[in-house]
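User: Please take a close look at one part of this protein, the largest nonpolar core and the elements around it. I would also like to know how the cysteines are placed.

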Amino acid sequence: MLTQTTTRVLEPSDLGAALAILESEPVANAFVTSRVQVAGLDPWRLGGEMWGWYADGRLRSLCYAGANLVPICAGPEAVRAFADRARRAGRRCSSIVGPAEPTALLWRLLEPGWGPAREVRANQPLMVTESPSVDITPDPLVRRIRKDETDILMPACVAMFTEEVGISPLAGDGGLLYQARVAELIGAGRSFARIDDGKVVFKAEIGAATTQACQIQGVWVAPEHRGKGLSETGMAAVLRYALADVAPVVSLYVNDYNAPARKAYRRVGFRETGTFMSVLF
C-alpha cells in the first residue's frame, strides 16, 4: 500500500498539531518550540515559515525555515521533501542546524546547489541535566544583567559571537538585529554575567525557554581569566537560576573539539545525550 505524502507551509490553524510534534522531543526542539509558543505560526511574527510534512493526511514532521533551517522530528522521506522545497525556494538562511542525522542528510541533498558552506560542524554533543553537580559551588558574583548594563555586556557578547561563529555580528546591518536580541534576553531576565571593575569576566544566556526545557547559550570567559575554573562556577550559577526559575531540564550543545568545555560542563552536571550538527554559510 502506497503512503500518500505532501508538504506545505503551515498556517495559524495548524498550531496545535505543530506543537504536538515539537513537544514530543522537548529538549532537542527547545529552540523552535520557544519561538512558536510566543509567535505562533504566522511567518512575519515567527521570523520564517514552518513547513509541514504529511503522511496519509497526518502531520508527521516539521522544518523551520527562517534565519536557520531546522529539520524537526524528520525521517529520511520528510528530509528529502524539505530539501526539495528548500532548493526551489533558494537559500535564505545563514545556517542549517538540528539533530545530526537528519541535518546531515539535508545538507547532502542541498550541498550541490547551496555549497560550499563556510564551515560544517558535524558533531556537536547535546548535553542535558536536571540537577546541578554538588561538587561545583556556584559563583555568587554571577547574576542577572540589568537593562542599564547593556553597554557593559555588549562587547563580551560580540567577542563571544565572533569567536564561536567566525564572523562579527556587527556585519551587515551594523549589529542592529544582534543588539536587539541581546536586549531581549536582558529584558526577559535570561542574561547572566559576572562583572568585575566594570568589565565582564563571565557571561551566558538562557536563549531558548519553554515550560519543559531551556537551552543555555553564549558561554564566554574573558581571555585573561581563562583557565581559572570560572566557566564551571559561572555555569553552575546559571544552571541554578535556570532550574529554579525557567524549566526542569537544561540543555546546551557544544563543538566536539572543545574538550575543555565538554569537561567543564560534565563537572557541572551535564551529560551527553545526543548529537547536533551545524552548517554555517
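Analyst: What follows goes through the core, then the strands beside it, and then the cysteines. The model is predicted.

The largest nonpolar core has 27 residues, and those that touch the most other members are Met-235, Val-238, Tyr-265 and Phe-270. Five elements each supply at least two residues of this core: strand 9 (199-209), strand 10 (214-221), helix 9 (230-245), strand 11 (250-253) and helix 10 (259-268). Helix 9 gives the largest share, eight residues.

Val-238 is a useful place to start looking. Leaving aside its neighbours within four places in sequence, Val-238 is in contact with Val-142, Phe-192, Phe-202, Ala-204, Ile-206 and Ile-216. Two of these partners, Ile-206 and Ile-216, also face each other across a strand pairing, since Ile-216 in strand 10 is the bridge partner of Ile-206.

That pairing belongs to strands 9 and 10, which run antiparallel and are joined by six bridges. The connection between strand 9 and strand 10 is a hairpin of four residues. On strand 10, six of the eight residues are buried, so this strand is largely enclosed by the rest of the structure.

Strand 10 also pairs with strand 11; here the two run parallel, with two bridges between them. In this pairing, Gln-215 has Ser-251 of strand 11 as its bridge partner. From strand 10 the chain passes through helix 9 to reach strand 11, a β-α-β crossover that is right-handed. The helix in this crossover is thus the one that supplies eight residues to the core.

Apart from this core lies another, of 25 residues, including Ala-65, Ala-74, Ile-96 and Trp-107.

As for the cysteines, the whole structure contains zero disulfides. A disulfide is a covalent bond between the sulfur atoms of two cysteines. The cut-off used for such a pair is 2.5 Å. For Cys-63, the closest cysteine sulfur is that of Cys-93, and at 8.9 Å it is too far for a bond. The reverse also holds: the sulfur of Cys-93 has its closest cysteine sulfur in Cys-63, again 8.9 Å away and too far for a bond. Cys-63 counts as buried because its relative accessibility is 1%. Cys-93, with 5% relative accessibility, counts as buried too.

Methods:
Residues are numbered from 1 along each chain as its sequence is written. This is a predicted model: local features need pLDDT of at least 70, side-chain atom pairs count only at pLDDT 80 or more; totals for chains, interfaces and linings use all residues. Side-chain values use heavy atoms; hydrogens and water are left out. Buried means under 20% relative accessible area, exposed over 50%, partly exposed in between (1.4 Å probe, protein chains only). A nonpolar core is a set of buried Ala, Val, Leu, Ile, Met, Phe, Trp, Tyr and Cys residues joined through side-chain atoms within 4.5 Å. Contact means heavy atoms within 4.5 Å. Two strands pair if DSSP finds at least two bridges between them. A crossover is right-handed if, with the strands pointing away from the viewer, the path from the first strand over the helix to the second runs clockwise.
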